Amino acid sequence: MKCPKCGAELTALPVQDIAVDKCQSCDGIWLEYGEIKKLRSSGLARIERELEEEHGNPPTPQAPLDGYQRCPQCVDQGLRSNYISYMLPVRADHCVSCFGIWLDRLELDKLLEDKQLLDTVGNDNELKSAIASVVVRMQQSE
Ligand SMILES: [Zn+2]
Ligand SMILES: [Zn+2]
């Protein structure tokens, strides 16, 4: 599979029982449908930073290219950008056909942090909705 942002070949790296497809050129990550849910419930918090420690960083991370945003699996399908988090603003590109998602560098770790923050709040729905409205305002002001 090719990176939807820079066109480099993606490398499958194991994280628990999931093969995470990572671009070793721009450092983004492709997750197939359902994988993000598994990773968010795995209790892991620093997947990307651990992968970097294990497999190294790209020597000079490529800036993602806008315009080259095709689903690596469906190829002729474009990607759409959306916020996919609750507590921290994380914007991801997703495929409306296979439901895979693309995360730029360190967005996966931010998404895991988002899950931990969500767990901290627990069942305090009042606090949850207060934080959610702040996040919405942050997203709108971008
Ligand atoms: Zn790339
Ligand atoms: Zn797709």
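Among contacts in the chain between residues at least 6 apart in sequence, what percentage join residues at least 24 apart? The figure is 56%, and I should say at once that the model I am showing you is a predicted one, with every value computed from it.

Let me begin with the overall layout. The chain has 142 residues, of which 29% count as buried, and its secondary structure comprises four helices and six strands. Reading from the N terminus, the elements follow the order β-β-β-α-α-β-β-β-α-α.

The six strands form an open sheet in the order 1-2-3-6-5-4, and the pairing is antiparallel. At its edges are strand 1, residues 10-15, and strand 4, each of which pairs on one side only. Neighbouring strands in this sheet are turned against each other by 35° on average, if direction is ignored.

Now, where does strand 3 meet strand 6? Strand 3, residues 29-31, runs antiparallel to strand 6, residues 101-103, and three bridges join the two; within this pairing, Leu31 stands opposite Ile101. On the other side of the order, strand 6 is joined to strand 5 by two bridges, again antiparallel, with Asp93 opposite Trp102. Strand 5 and strand 6 make a hairpin with five residues between them, and in that turn Phe99 has a positive phi of about 65°. Strand 5 also pairs with strand 4, in the antiparallel sense and over five bridges, and there Tyr83 stands opposite Arg91. Because four of its five residues are buried, strand 5 is largely enclosed by the rest of the structure.

That brings me to the core. In soluble globular proteins, nonpolar side chains tend to be buried together. Here the largest nonpolar core has 19 residues, and those with the most contacts inside it are Ile29, Leu31, Ile101, Trp102, Leu103 and Leu108. At least two residues of this core come from each of strand 3, helix 1, helix 2, strand 5, strand 6 and helix 3. If we take Ile101 as an example and set aside residues up to four places away in sequence, Ile101 touches Leu31, Ile36, Ile84, Ala92, Asp93 and His94.

Helix 2, residues 47-55, deserves a separate look. Its buried residues are Ile47, Glu48 and Leu51, and since they cover an arc of only 95° around the axis, they lie on the same side of helix 2. The face turned away from that buried side carries the exposed residues Arg49 and Glu53. Among the elements that cover the buried residues of helix 2 are strand 1, strand 2 (18-23), helix 1 (35-40) and helix 3 (107-121). After helix 2 comes Gly56, whose phi is positive, near 85°.

Finally, I would like to turn to Tyr86, which sits in the loop between strand 4 (79-83) and strand 5 (91-95). Is Tyr86 buried, exposed or partly exposed? Tyr86 is partly exposed, because 17 other C-beta atoms lie within 10 Å, where 20 or more would be needed for a residue to count as buried. Apart from its neighbours within four places in sequence, Tyr86 is in contact with Asp114, Leu118 and Ala132. Of these contacts, let me single out Ala132, which is 46 residues from Tyr86 in sequence but 6.3 Å from it in space, C-alpha to C-alpha.

Terms used
Residues are numbered from 1 along each chain as its sequence is written. Chains are lettered from A and ligands numbered from 1 in the order in which they are written. This is a predicted model: local features need pLDDT of at least 70, side-chain atom pairs count only at pLDDT 80 or more; totals for chains, interfaces and linings use all residues. A residue is buried if 20 or more other C-beta atoms lie within 10 Å of its own, exposed if 12 or fewer, and partly exposed in between; C-beta atoms are placed from the backbone. Two residues are in contact if their C-beta atoms, placed from the backbone, lie within 7 Å. Two strands pair if DSSP finds at least two bridges between them. Axes are lines fitted to C-alpha atoms, for helices over the stretch in contact, and angles run from 0 to 180 degrees between N-to-C directions. The arc is that of the directions from the helix axis to the C-beta atoms. A nonpolar core is a set of buried Ala, Val, Leu, Ile, Met, Phe, Trp, Tyr and Cys residues joined through C-beta atoms within 7 Å.
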